[in-house]
Amino acid sequence: MSKVLIVGAGSVGSVVTQKCAQVPQVFSDIVLASRTESKCKAIAAQIDQPIHTAQVDADNVSDLISLLRREKPKLVINVALPYQDLSIMDACLAAGAHYLDTANYEPPDTARFEYRWQWDYQKRFVDAGLTALLGSGFDPGATNIFTAYLNKHYFDEIHELDIIDVNGGDHGYPFATNFNPEINIREVSAACRHWENGAFVTTPPLSKMTLYTCPEGIGTFTLFRMYHEELESLTKHYPSLQRAQFWMSFSANYLKHLEVLENVGLTGIEPINYRGQSIVPIQFLAHLLPDPSTLGPRTRGKTCIGCIVRGSKGGKERLMHIYNVCDHQACYREVQSQAIAYTTGVPAMIGAKMILEGTWCEAGVWNVEQYNPDPFMEDMNRYGLPWQLAELDPAFQLEFA
Ligand SMILES: NC(=O)c1ccc[n+]([C@@H]2O[C@H](COP(=O)([O-])OP(=O)(O)OC[C@H]3O[C@@H](n4cnc5c(N)ncnc54)[C@H](OP(=O)(O)O)[C@@H]3O)[C@@H](O)[C@H]2O)c1
C-alpha cells in the first residue's frame, strides 16, 4: 500500500495512471501532476478510483521538492520528457522518494541522449538508500528485460542482439508521431550508432534497411537501423555482445514527410528569431502535429516489438526470438490509448510495482536488465503485454538492402 506520484499527463502518463489504478493493492494512493493541471483532471475523470492532481513545472527543482514534501509519495514515475530527468532525480533525493523513468536524459540544446548523466547519480542514490530505475518502458524497458531473460534461461553467452520495433498501425493522418513529436523526431533524425566488435560505429541516419516479416501474420515491413538508448546499457551489461543493433519500421509516407520537414528546417533545435520572437522550429512543428494522446480512436493494426538474440548454449549456436504483439484497438478499448502509449505505460507501472513491493529495490541507479527479469516477465503476462518465445533456425539472418 503506497503512494505514487506520476509526473507528465501526456499519452504515456494517461496509460500509467490507468494501469496503476487497476492495481490498488500496490498503488493505494495516486497523484498525477503536470505542467497543465487540466490535462491531469481530464485523465482522472476517466478513472473510477480517486486520482489527486497537481500543477508542477518539473524543470523547477524547488517546485518539485515542495510538491514531494507536501504529497510524500514513496515513488515518483517520470513520464514527462527526458529533459526533466535530472531535475526530478534531484527532487527525489531531496525529498526521499524512489525514482523511475522511461527515457534517458537529453539536454534540450543538444540532440544526444546518454545514460552517463543519470549513472553519475549512483553514489547519491546509494547514500540516500533510494532506488532509481531507468528506462522502464517498452524500448527501452521490456526489450532490455527480454534480453536479460533470454540470457538467463536460454544461453551460456549471448553474441548478437537485434531489437526489432514494428508498428504496423495506421492512424490515417498524413504525418503524426506515436509519442511526443519533438522527442520522436530528434531520435529518428539522429546519426545511427550500432555496436560492432567492442565499439559503437556511426553511420548516417536511416541509411541501412532490411525487409522483415513479423510472426503471427502481422505483415512484412521495411526496417531501418537507428540508434536507441538501450544499446548503451545492454552492451555495457552484456560484454559478450559482439554486435547489437536496433531496427524500427517506418512507412514510405512517414519518411517522405520527415525528409521534407528536415529540408525546410522545421526539425531544427536551435532557436530562430521570427518577427522579434525566439522560436525553436521543432517545438513549433510539434505544436502543429496531432497530439499523440488523440490517436487512440483512429489507430488500427498491431505492434510487434521484440529481440532476436544469437548466442551459445552447451557449445552449440542458438537463435531465439522473443516478442510481444499489441493491438491498437484493444488498447483503446481498455485505456482509451493507442498501443505505443500502452506498451510504454504498462512496463512503467510494472517497474513501479517491482520497487514498491520490494522485489527490485536495491539502493542505487539501475537499468532494468540489472535485476532478475522473471517477476517482471510474469507481470507482463498478467497486466496486458503477453510475450511469445520462438527458437529460430541459426541460419536465419536479417537481409540488408
Ligand atoms: N521507453 C519507451 O518505450 C517509450 C516510448 C514512448 C515514449 N517514451 C517516453 O515517455 C515520455 C512521455 O511521452 P509522451 O508521448 O507521453 O509525451 P507527451 O504526450 O508529450 O506528454 C508529456 C507530458 O509531460 C508534460 N511535461 C513536459 N514538460 C513538463 C514540465 N517541465 N513540467 C511538467 N510536466 C511537463 C507535458 O505537460 P503538459 O501537457 O501538462 O503541459 C505532457 O503532458 C517521454 O519521455 C518519451 O520519451 C518512452
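**Figure 1. Q336, in the loop between α12 and α13.** The structure shown here and in the other views is a predicted model. Q336 comes just after α12. Although Q336 is not a glycine, its phi is positive, at about 55°. Most residues other than glycine have a negative phi. Q336 is partly exposed because 16 other C-beta atoms lie within 10 Å, a count below the 20 needed for a buried residue and above the 12 that still counts as exposed.

**Figure 2. The buried side of helix α12.** Helix α12 spans residues 328-335. Its buried residues are H328, C331 and V335. These residues lie on the same side of α12, because the arc they cover around the axis is only 60°. An α-helix has 3.6 residues a turn, so residues three or four places apart point the same way. The packing partners of the buried residues of α12 are α1, α13 and the strands β15 (302-313) and β16 (316-327).

**Figure 3. Surroundings of the ligand.** There are 33 residues around the ligand, and those that come nearest are G10, S34, A58, G137 and F179. Two elements, α1 (11-21) and α13 (339-356), give two or more residues each to this shell. Helix α1 supplies three residues, the largest share. Sorted by class, the shell around the ligand holds 15 nonpolar residues, 13 polar residues and five charged residues.

**Figure 4. V79, in the loop between β4 and α4.** Strand β4 covers residues 75-78 and helix α4 covers residues 85-95. V79 counts as buried because it has 28 C-beta neighbours inside 10 Å. Leaving aside residues up to four places away in sequence, V79 touches I6, V7, G8, G10, V12, G13, V16, T102 and A348. G10, one of these contacts, is also among the residues that come nearest to the ligand. G345 is 266 residues from V79 along the chain, yet their C-alpha atoms are separated by 8.7 Å.

**Figure 5. V23, in the loop between α1 and β2.** Strand β2 covers residues 27-34. V23 has 17 C-beta neighbours inside 10 Å and therefore counts as partly exposed. Between the C-alpha atoms of V23 and E230 there are 28 Å, and the two residues are 207 residues apart along the chain.

**Figure 6. Antiparallel pairing of β10, β11 and β12.** Strand β10 (residues 209-214) runs antiparallel to strand β11 (residues 219-226), and six bridges join them. In this pair, T210 stands opposite L223 of β11. The two strands make a hairpin that has four residues between them. Within the turn, E216 has a positive phi of about 60°. Strand β11 also pairs with strand β12 (residues 243-249), again in the antiparallel sense, over four bridges. Here L223 stands opposite S249 in β12. L223 thus has T210 opposite it in one pairing and S249 in the other.

**Figure 7. The cis peptide bond between D139 and P140.** The omega angle of this bond is about 10°. Most peptide bonds are trans. P140 is placed in the loop between β6 (131-134) and α7 (142-154).

**Figure 8. R275, in the loop between β13 and β14.** Strand β13 covers residues 272-274 and strand β14 covers residues 277-279. R275 is not a glycine, but its phi is positive, at about 50°. R275 counts as exposed because it has 5 C-beta neighbours inside 10 Å.

**Figure 9. The whole protein, for orientation.** The protein has 14 helices and 18 strands. Its radius of gyration is 20 Å, close to the 21 Å given by the globule rule for 401 residues, so the protein is as compact as a globular protein of that length. Along the principal axes, the C-alpha atoms fill a box of roughly 60 × 55 × 40 Å. Buried residues make up 48% of the 401. Of the contacts with a separation of 6 or more, 71% are between residues 24 or more positions apart.

Note on methods: Residues numbered from 1 in each chain as written. Predicted model: local features only at pLDDT ≥ 70, side-chain atom pairs only at ≥ 80, totals over all residues. Near = placed C-beta within 6 Å. Nonpolar A, V, L, I, M, F, W, Y, C, P; charged D, E, K, R; others polar. Pairing = 2+ DSSP bridges. Rg over C-alpha atoms; globule rule 2.2 N^0.38 Å. Contact = placed C-beta atoms within 7 Å. Arc of directions from axis to C-beta.
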